[in-house]
Number of protein chains: 2
Amino acid sequence: MPDADRQAANFQRVREAHQTELAEDYVELIADLIDSTGEARATDVARRLGVAHPTVVKAIGRLQRDGLVESLPYRSIFLTETGRAMAERCKRRHEIVVGFLRKIGVDEETAERDAEGIEHHVSEMTLAAFERLIRSKPLG
Amino acid sequence: MPDADRQAANFQRVREAHQTELAEDYVELIADLIDSTGEARATDVARRLGVAHPTVVKAIGRLQRDGLVESLPYRSIFLTETGRAMAERCKRRHEIVVGFLRKIGVDEETAERDAEGIEHHVSEMTLAAFERLIRSKPLG
DNA sequence: TATAACGTGTAGTATAAGCTATAATTGTTG
DNA sequence: CAACAATTATAGCTTATACTACACGTTATA
Ligand SMILES: [Mn+2]
Ligand SMILES: [Mn+2]
Ligand SMILES: [Mn+2]
Ligand SMILES: [Mn+2]
């Protein structure tokens, strides 16, 4: 595969990641709200994401269309089986990325900040490398 | 700062990163084309990014509006001082991220793929940690 | 030099993601 | 139980990023 084609494929993959990224953060956040407070409401999701609530309502519509959540008018938001599975996967990945950044000497707040973006662009192979590094003996 | 607020701030930062991300990849790619082939043409940029050429033309318009590139009708694309500086910064960062992934055992192709997305979400502190690790003795 | 090939621009469309403002519903409380 | 506060929905707008189809310039070559 010529170099230009491979580069194009890489950029294409990043664009794909951006499409799933929002869904991933939403389901992870919704799962977190359900598990910690008993239910996920649009207002809470909006506050946690730092966006206006109509933005959340529209996003929830897309997630429902894509089979990740279920919601009835004026009721709170539920995850489908698929959505719950995605949330679990994302939560695990999120924790690995944070743990890994901590391990190489990044402070807690920065690790959380960077992980929120990095997590969506980490392949299985890289994730495995992160885990390996976390389990290795202290660095430095 | 309450937990919900900090989480919102983190998500906000990721959204900001997404706004600069495209500009970063464009200027880096344009610089690469200029340095390796003598000029950057919209078609080449399109092929390397894996998008249709009108997409590039519109993006170039935005980059020009934002003072990163200059272009005249039917001529190739040039970087402004600002654009060139951004390209250099991004190239360096890109290389650090790739080098770091290689160091922890990720193969060349995967490293390139993941780096294309990760690079935009790496803070200065994390980048410094990556550099430290690259310079450290072999792992494993 | 005429024309074909290539590159660039424009028009028009779609979707996602965001916003503000306003309306409708629900739930709480006096 | 009526009124009010909180929550949710909708309408209407904006910008960015993509696409296809078509028009226009430039460049190369026959
Ligand atoms: Mn995230
Ligand atoms: Mn996350
Ligand atoms: Mn990139
Ligand atoms: Mn890059």
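This passage describes the fold of chain A, the manganese sites of both chains, and the interface of chain B and chain A in a predicted model.

Chain A is built from six helices and two strands. Along the sequence these elements follow the pattern α-α-α-β-β-α-α-α. The C-alpha trace of chain A spans about 50 × 40 × 25 Å along its principal axes. Chain A has 140 residues, and 46% of them count as buried. Contacts within chain A often reach far along the sequence. Among those between residues at least 6 apart, 57% join residues at least 24 apart.

Two manganese ions, ligand 1 and ligand 2, lie 3.7 Å apart and are bridged by Glu116(A). The manganese ion (ligand 1) is coordinated by Asp25(A), Glu116(A), Glu119(A) and His120(A). Glu116(A) contributes both an O and an OE atom to this site. Asp25(A) donates through OD, Glu119(A) through OE and His120(A) through NE2. The distances run from 2.0 to 2.3 Å. The donor residues are spaced D-x90-E-x2-E-H in sequence. Glu116(A) and His120(A) are both buried.

The manganese ion (ligand 2) has protein donors from Glu28(A), His94(A), Glu116(A) and Glu119(A). Glu119(A) is listed with two OE donors, while His94(A) donates through ND1. These donors lie 2.3 to 2.7 Å from the ion. Their residues follow the spacing E-x65-H-x21-E-x2-E. Within this set, Glu28(A) and Glu116(A) link distant parts of the chain. Glu28(A) sits in helix H1 (residues 3-37) of chain A and Glu116(A) in helix H5 (residues 108-118), 88 residues apart. Glu28(A) has 15% relative accessibility and so counts as buried. Glu116(A) counts as buried because its relative accessibility is 5%.

Chain B also holds a manganese site. The protein donors of the manganese ion (ligand 4) come from Glu28(B), His94(B), Glu116(B) and Glu119(B). They lie 2.4 to 2.7 Å from the ion. Here, too, Glu119(B) is listed with two OE donors. In sequence the donor residues are spaced E-x65-H-x21-E-x2-E. The manganese ion (ligand 3) is 3.6 Å from the manganese ion (ligand 4), and Glu116(B) coordinates both. Glu28(B) lies in helix H1 (residues 3-37) of chain B and His94(B) in helix H4 (residues 81-103), so this pair ties together parts that are 66 residues apart in sequence. Glu28(B), at 15% relative accessibility, counts as buried. His94(B) counts as buried at 8%.

The size of an interface is often given as the accessible area lost when the parts come together. Chain B and chain A bury about 3900 Å² between them, with 61% of it on carbon and sulfur atoms. Phe11(B), Arg48(B) and Arg113(B) supply 15% of the area that chain B buries against chain A, more than any other three residues. The contact takes 43 residues from chain B and 43 residues from chain A. Zero salt bridges are found across this interface. By contrast, 17 residue pairs are in polar contact across the interface.

Several helices of chain B face chain A. H1, H2 (42-49), H4, H5 (108-118) and H6 (124-135) of chain B each supply at least two residues to the side that touches chain A. H1(B) gives the most, with 14 residues. By class, the side of chain B that touches chain A has 18 nonpolar, 11 polar and 14 charged residues.

Key
Residues numbered from 1 in each chain as written. Chains lettered and ligands numbered in written order. Predicted model: local features only at pLDDT ≥ 70, side-chain atom pairs only at ≥ 80, totals over all residues. Heavy atoms only, no water. Donors = N, O, S within 2.8 Å, 3.2 Å for Na, K, Ca; no water. Helix = DSSP H or I, 4+ residues; strand = E, 2+ residues; numbered from the N terminus. Buried < 20%, exposed > 50% of the residue type's maximum accessible area, 1.4 Å probe, protein only. Contact = heavy atoms within 4.5 Å. Buried area = accessible area lost by both parts, 1.4 Å probe. Salt bridge = Lys/Arg side-chain N within 4 Å of Asp/Glu carboxyl O. Polar contact = N/O pair within 3.5 Å; in protein donor to acceptor, adjacent residues only side chain to side chain. Nonpolar A, V, L, I, M, F, W, Y, C, P; charged D, E, K, R; others polar.
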